[in-house]
Amino acid sequence: RGEEFSIGDLMLKAGSKINFKTAGLFAMAGVAEAAVSSLTVGVISTGDEIAPPDTKLLPPGRVRDVNASLLHSLLTGEGFLTRDYGIARDEKNVLSGMLEKAMDECDVVVISGGSSVSMRDHCSSILEELPDPGLLIRGILMSPGKPTLVAGTAEGKKLVMGLPGHPYSCFVSAFTVLLPLLNSMVWGELRGPWRGLKVITEEAIFGIAGIEEFIPCVIENGRAVPRPVKSSFSRALAEADGLFHIPASMETVRPGEEAEVWLW
């Protein structure tokens, strides 16, 4: 008795995630139920070219829906509940109806794809038609992830985000923008899920001045090695340890120089 905690000790801080590291504390203390704070996030995929993941033979011009699996895993890992609303065709009324249903049932809705500007991308115009304030942000000066949309409704206190369709771009936008916004809705402050670390670079990193950039990297013997990748690729995430964060004010990081890495 009293070997780990004494009377009056703080067992777990508010804002801590309940996961494999902390769930046992409740059992140890004989707590069978606890009040938790979370959000339900609806996930919608868009595009006539998107096929379900279990599609065996892809017709020409089609790709499997990577982003839905990616987003559900990312969000549930951070303690949020998710609902899948499937794939919406490139028809405005179809996406609008699906969004309306998701907003009725969820606190937040994330639309994957359709955030770019083209004849078949209706996400922007649909978000513009939402009740006040509607569409707040159309594009962010970051790479990848520039065609990110942020919208919401004040009366219903709903957040809606349009994420890029390319998997790596979708992840970067969700990791660096969506998750901090979700944490702010729960705790009232922007919190990123990453652990910032200063590292020495093994290879040169070439950026673009004036744009905040995120480049996959691996940590080898205490040094960070960049793994540049096309925004449409998924493999980089499976092999990476984190992201090089290149601020808009920086253009090039030379070998041996210090850079910031956001680890997950």
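The following conversation concerns salt bridges in a predicted model.

Trainee: What kind of model is this, and how are its residues numbered?
Mentor: It is a predicted model, in which local features need pLDDT of at least 70 and side-chain atom pairs count only at pLDDT 80 or more, while totals for chains, interfaces and linings use all residues. Residues are numbered from 1 along each chain as its sequence is written, and side-chain values use heavy atoms, with hydrogens and water left out.

Trainee: How many salt bridges are there?
Mentor: The count comes to 10 salt bridges, a salt bridge being a side-chain nitrogen of Lys or Arg within 4 Å of a carboxyl oxygen of Asp or Glu.

Trainee: Which residue does Lys17 pair with?
Mentor: Lys17 forms a salt bridge with Glu78, at 3.5 Å from N to O. Lys17 lies in the segment before α1 (23-28) and Glu78 in the loop between α2 (66-77) and β4 (81-88), so the pair ties together parts 61 residues apart in sequence. Helices (H or I, at least four residues) and strands (E, at least two) are DSSP runs, numbered from the N terminus.

Trainee: How accessible is Lys17?
Mentor: Lys17 has 38% relative accessibility and counts as partly exposed, the class between buried (under 20% relative accessible area) and exposed (over 50%), with a 1.4 Å probe and protein chains only.

Trainee: Now for Glu220: what is its partner?
Mentor: The partner of Glu220 is Arg227, and their closest N and O atoms are 3.6 Å apart. Glu220 is partly exposed at 40%, and Arg227 is partly exposed at 35%.

Trainee: Which residues are joined into one network?
Mentor: Arg83, Lys101 and Glu105 are joined by salt bridges that share partners.
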